[in-house]
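Please look through the structure shown below with an eye to its charged side chains and to the helices that carry them. The paragraphs that follow take up these side chains in turn.

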Amino acid sequence: GFDDALLVAAAVGALVAALALVACSFAFRLAFYDALATTEVALWRPFRVRFRQALGVLAVVMCIAVTVAIPTVAFALAAVDTAVSDTAGIQIGGHSGVPGVATAALGIIAVGAALVGILGSRLTVEFVAPAMIARDVGVLAGWRAVLASLRGSLGYVAVYLGVHAAVATAA
């Protein structure tokens, strides 16, 4: 069979390759925004120049994903533990089970975290990234600029997000 260290190395290598591809995807998106801003269609130079900003966007999106994953995994583990112990009488890992009220609370928190995470990642990719290019700043300064501009137009943002959600659910 395969050595455990080899499997771990392959998994880490695959994860690093996947993250590099996602970072490249963000860098190409930023290069596209750069082409729109400068009316100069180029690929390699803007890709190299914007790669650092792409890593910032990737870091923010990954932080959002991890923040959403924590309550979601906790809910999934609690729900599976409760469901298995209720139906089969088997305790997973020797735990006594999580009360139903706590499981429901975890579910509500997980759904809320998922909705906030979706909002945060969409705003980061669709609003903050173009603001980063327009102002030639990093992701945190881009967020500050977007939040300052959104304060005066929350109604329009709500309509945009509503239409976006409707189109996404219809597709």
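Is Arg-45 buried, partly exposed or exposed? In this predicted model, Arg-45 has a relative accessible area of 37% and is therefore partly exposed. Its partner in a salt bridge is Glu-40, with the closest N and O atoms 3.6 Å apart, and Glu-40 likewise falls in the partly exposed class, at a relative accessibility of 40%.

This pair belongs to a wider set, for the count of salt bridges, taken with a cut-off of 4 Å between a side-chain nitrogen of Lys or Arg and a carboxyl oxygen of Asp or Glu, comes to four. Another of them joins Arg-50 to Asp-34, where the closest N and O atoms are 2.7 Å apart. Because Arg-50 lies in helix H2, which covers residues 44-88, while Asp-34 lies in helix H1, which covers residues 4-38, this salt bridge ties together parts that are 16 residues apart in sequence. Arg-50 has a relative accessible area of 8% and is buried, and Asp-34, with a relative accessible area of 6%, is buried as well.

Arg-50 also takes part in a salt bridge with Asp-136, at a distance of 2.9 Å from N to O. Here the partner comes from the loop between helix H3 (100-135) and helix H4 (139-150), whereas Arg-50 is in helix H2, so the contact ties together parts that are 86 residues apart in sequence. Asp-136 is exposed, its relative accessible area being 56%, while Arg-50 is buried. Taken together, Asp-34, Arg-50 and Asp-136 are linked in a network of salt bridges.

The helix that carries Asp-34 can now be followed along its length. H1 is built of 35 residues and reaches 50 Å from its first C-alpha to its last, a span close to the 51 Å expected at 1.5 Å a residue. Asp-34 is listed among the buried residues of H1, and the others in that list are Ala-23, Phe-26, Ala-27, Leu-30, Ala-31, Tyr-33 and Ala-35. Just after H1 comes Thr-39, which takes a positive phi of about 55°.

Conventions: Residues are numbered from 1 along each chain as its sequence is written. This is a predicted model: local features need pLDDT of at least 70, side-chain atom pairs count only at pLDDT 80 or more; totals for chains, interfaces and linings use all residues. Side-chain values use heavy atoms; hydrogens and water are left out. Helices (H or I, at least four residues) and strands (E, at least two) are DSSP runs, numbered from the N terminus. Buried means under 20% relative accessible area, exposed over 50%, partly exposed in between (1.4 Å probe, protein chains only). The expected span of a helix is 1.5 Å times one less than its number of residues.
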